[in-house]
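Me: Could you take a close look at one part of this protein for me, and then tell me how it sits within the rest of the chain? A friendly walk-through would be lovely.

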Amino acid sequence: MAGQILKSPEEIAAVYQEFAQFPSLSSASVGPDVTTQYGGKYCNIYTEWSQRDLERNENVKFCRHYIVFHDNRSIVYSGASGNSTEIKGELLCKESPSGTLKAVVRESKNSKGEDKQFLEVWNKNRKMKSINLTVLEKHGKVYEDDQFGCLQWSHSETHLLYVAEKKRPKTESFFQSKAPELSSSIAEEEEEGMGKPGKKDKAVKGDQFVFYEDWGEGLVNKSVPALCVVDIESSNISVLEGIPDYISPGQAFWSPGDTGVVFTGWWHEPYRLGLKHCPNRRSALFYIDLTGGKCELISGDSSSVFSPRLSPDGCRIVYLNCEVFGPHLQCFRLMMYDWYTKVTSTVVDTVQRHSKGNFTGIYTTFLPVFCWSADSQRILFASPQRSRQDLFVVDVLAGSVTLLTADAPLGSWNLLTVNRDLMVASFSTPNCPPCLKVGFLPSAGKEKEVTWVSLEDETLIPDIIWEIQSLQPPSEQENAQYSGLDFECILLKPKSVQEKARLPLVVIPHGGPHVVFVVDWLLYPAVLCKMGFAVLLVNYRGSMGFGQDSIFSLLGNIGDQDVEDVQFSVEQVLKKEQLNSEQVALVGGSHGGFLSCHLIGQYPTMYKACVARNPVVNLATMSGATDIPDWCSTEAGTPYSMDIFPDASVLKQMLDKSPIKYVAQVKTPVLLMLGEEDRRVPNKQGIEYYRALKAHGVPVRVLWYPGNNHSLSKVDAEADCFMNIALWLIKHMKL
C-alpha cells in the first residue's frame, strides 16, 4: 500500500532490474503458408526482441518463433514454438519472397579487434554463401539504420540490394615511407570482379585530415551512402552509378520486374543537417534503370519524401510527404505514385483541426516494410491519436480511413508487419509491457470486425493504475491564432494508497517539442510509480496527434505556451487528486529539459527538485553548434533558410525564449545529465546552465556520460541515470 516511498538504493535497484527485464518487440515476419496432410494451414511467425542485460551492460537481441493455424480469415490455434534464442552480430536480415532463402549482414571482430562485415545467404539448414564485404573494399560499412538502411531481395531472388558508405580514397602523409612493391598479377583484376579483393588503390597525399560531413545525431560517420547490388550466384558486388552527386540515396527497393531500383534521395547540398527524427529534409523519390543506367525523378523535388512502399501487385508506390523545414515532426500526407500511369495522388491529406472522436492525422515517420493488404487496395499503419496509438487501414483509391483498434483495449498499438492479410502487432500500456498480437484483416468495409489474438499471456503490473485527462487552457492562455485547442496528460498512480496519504508528484514534460506521450509501457514512469510516486506525463499544445494546428500553434511560442500548459496541468491535477502540493518535482530531457528549466525559473517556489537530461537552455548559443540549427530558428518563430544566418535581432529572440533568461530566479536544486557525444543538444548547453546556477548559489550536480549521445540510452547510462534521479528526488523532496 502506497504512502511510504521506497528509499533504499538496494530496493529501488531491485525494482528497476525487475522492470528492465521486460523486452520490447523490434520486428516480425510471416513465413509461407504450409498445408498439412489433413488440409489445414499454418505459418510461422518470426519475431525479434530487445532486452536490457544489466550484468553484461548491453541490449540483448533475441528471436522467438510462433506457429499460427488458420483458415485464411480467422486463427484456429496459435502459440510459441520453442524457446527464445539470442541473436549475435546480425545487423540486418531478410527472408526472400518465397521464404526459402534468408540474407544476413553480420559484423564480428577479427583477432586484432577490428570490425569485419559479412553478407551471408542461408538455405534451409545451411549457409550457402558468406562474402567478406570488408576485404573486398568495394564500399565502407553497411548501413543498418532505419533512415537509409535496407536489405532487399530481388523478386527473382537472384540479387540482393543494400546501402553502404561510399568508398573513400586511401590517404597517407606526405612523409609516409614507401614499402617495396610486390609483383602483381593480371589475375588481380579478374578476382576483383569475382568478389575477391583486387588491386590496391593508390593513396592520396594531403587528404588525411579532410573533414567529411555526416548526417548528425544517431547517424555519425554516415556521410555518402551508396546503393550496392550482390549477384548471389557469382558473389559479384556492384556499386550503382548514375545517382546525382548531390543526392544521398536510401530506403531502396527493387522496381517491378527487377528492371531497376527505386529509392529516396536526400539533398546534401549546400550542407547536411541532422536527419534522425527530422523527416522534413528536402528529398524525393528516384528510379534508376539498371539496363541503361539512367536515374530519373518520379516525385516532386521541392518537398520531403520518405518511407516508400511498393504494392504486392507492383502497380503502386505509397510514401509519406511533408514540406521542407518547419516543425521537424508534424502531420504527414500519404501519397501514391502509379507505376504505369506515372500519376501521383494524395491518398490522405494533413488534418488541420480534428473533431472529437475522429481521425487526427498521420504522425508516423515509417510505414511498416510490409504494409499492404493482399489485394493491393489498402494500406495499414500505426499512428498516435492524441494520447493513444492506434492501427488504421486506408483504402488507397477511396482515401477512406478506418480505425482497426476501435473495439480493442485502450493502449499503444504498433503494426510490425502484415502478410497475406495476417497482421502482427505489439500492444502495451503504462502497466502492461509489450506483448504480441495477431489478427486477420477483414474484407473491405468490415475492418472493424477484426479479432485480435494474443500469442502469449500479457504481464500486467497490478500495482499501477493510469488514466488520460483532457485539459482546456484558461481563456487568458488561449493562442489568438489557434484558439480552441485542448491538450492532455497521462497520470500514473500506485493502485493502493494509505488513507489520508498524499502522494509526491513527478512531472515529466516530453521532448521534441513535437512528439507525444502515448499510453505505452515506459520504464522510468513505471518504476517511479512502483516506488510510490504519482507521475504526470504532459502532452502540451504542440504535441503530435492533436492536429496540425496544435503543432503550428507552438512555433514562436516556446517558453511561454508550453510552459503555461505544463504548469496548468500540474495545478489542475493537484486540485483533483490525492497529491502533496509541497512535494512536486520535474524530470525532463531535451525540450522536456528546456521546459523543466523554464518552470523552475518562472515558478521558483513550486518545484522542490529538478532533473534535466541534455536540456536546451540557450537557443542562441545552441544554434551554431547543433546538427539542427533550423530547430532553433523555427521554434523561436523565425523561418529557416540554409543561406541566411541569425542576425542580432534573431539571436535576441532566441535568447528571450530560453530558460537561461530566468536563471537568476531559480531556487530549485538541479541535477544535470549530459551525454559526451550529444550532437543534437551539445553538452555545452548543460555546462552553461551549470555555471549560471553555481554563480547564483543554486545546488547543482552534473553527471557526464562518456560514449553516450542525446538519448543517454546505453544500458549502464540509462540505469545510472534512473538511480540518480530517484535518489535526487528523495533527497530534495525531503521524503
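Reply: Here is a look at one residue, followed by the chain around it and a few other local spots.

Happy to help! Please keep in mind that this is a predicted model. Let's begin with His70, which is found in strand β4, a strand that covers residues 58-70. Is His70 buried or exposed? With a relative accessible area of 6%, His70 falls under the 20% cut-off for a buried residue. Its surroundings are worth a look in your viewer. Leaving aside residues up to four places away in sequence, His70 touches Asp33, Lys41, Tyr42, Cys43, Ile75, Val76 and Phe440. The side chain of His70 also reaches the backbone nitrogen of Asn72, at a distance of 3.0 Å.

Now let's step back to the whole chain. The protein chain has 12 helices and 38 strands. Its radius of gyration is 27 Å, close to the 27 Å that the globule rule gives for 735 residues, so the chain is as compact as a globular protein of that length. Taken along the principal axes, the C-alpha atoms fill a box of roughly 80 × 75 × 50 Å. Of the 735 residues, 55% are buried, and His70 is one of the buried residues. If you consider contacts between residues at least 6 apart in sequence, 63% of them join residues at least 24 apart.

The surface and the charges come next. About 31300 Å² of the protein chain is exposed, and carbon and sulfur atoms supply 50% of that area. There are 72 positive and 86 negative side chains, and the centres of these two sets lie 3 Å apart.

For another covered element, try helix α4, which spans residues 523-531. Eight of its nine residues are buried, and the helix is thus described as mostly covered. The buried residues are Leu523, Tyr524, Pro525, Ala526, Val527, Leu528, Cys529 and Met531. Just after α4 comes Gly532, with a positive phi of about 120 degrees. On the other side of the helix, the loop between β33 (503-509) and α4 holds Pro513. The peptide bond from Gly512 to Pro513 is cis, with omega near 5 degrees.

A cis peptide bond also joins Glu269 and Pro270, where omega is about 5 degrees. Look for Pro270 in the loop between β17 (260-267) and β18 (283-289).

Let me finish with two residues other than glycine that have a positive phi. For Asn221, phi is near 70 degrees. Asn221 has its place in the loop between β13 (204-205) and β14 (225-231). With a relative accessible area of 61%, Asn221 is exposed. For Arg386, phi is near 55 degrees, and this residue is placed in the loop between β24 (378-385) and β25 (388-395). Why does Arg386 count as buried? Its relative accessibility is 16%, and buried means under 20%, so Arg386 counts as buried.

Terms used: Residues are numbered from 1 along each chain as its sequence is written. Side-chain values use heavy atoms; hydrogens and water are left out. Helices (H or I, at least four residues) and strands (E, at least two) are DSSP runs, numbered from the N terminus. Buried means under 20% relative accessible area, exposed over 50%, partly exposed in between (1.4 Å probe, protein chains only). A polar contact is a pair of N or O atoms within 3.5 Å; within protein, one must be able to donate a hydrogen and the other to accept it, and residues adjacent in sequence count only if both atoms are side-chain atoms. Contact means heavy atoms within 4.5 Å. The radius of gyration is taken over C-alpha atoms; the globule rule is 2.2 Å times the number of residues to the power 0.38. Accessible areas come from the Shrake-Rupley method with a 1.4 Å probe; for residues, only the protein chains shown count as cover. Lys and Arg count as positive and Asp and Glu as negative; His and the chain ends are not counted. The place of a charge is taken as NZ of Lys, CZ of Arg, CG of Asp or CD of Glu.
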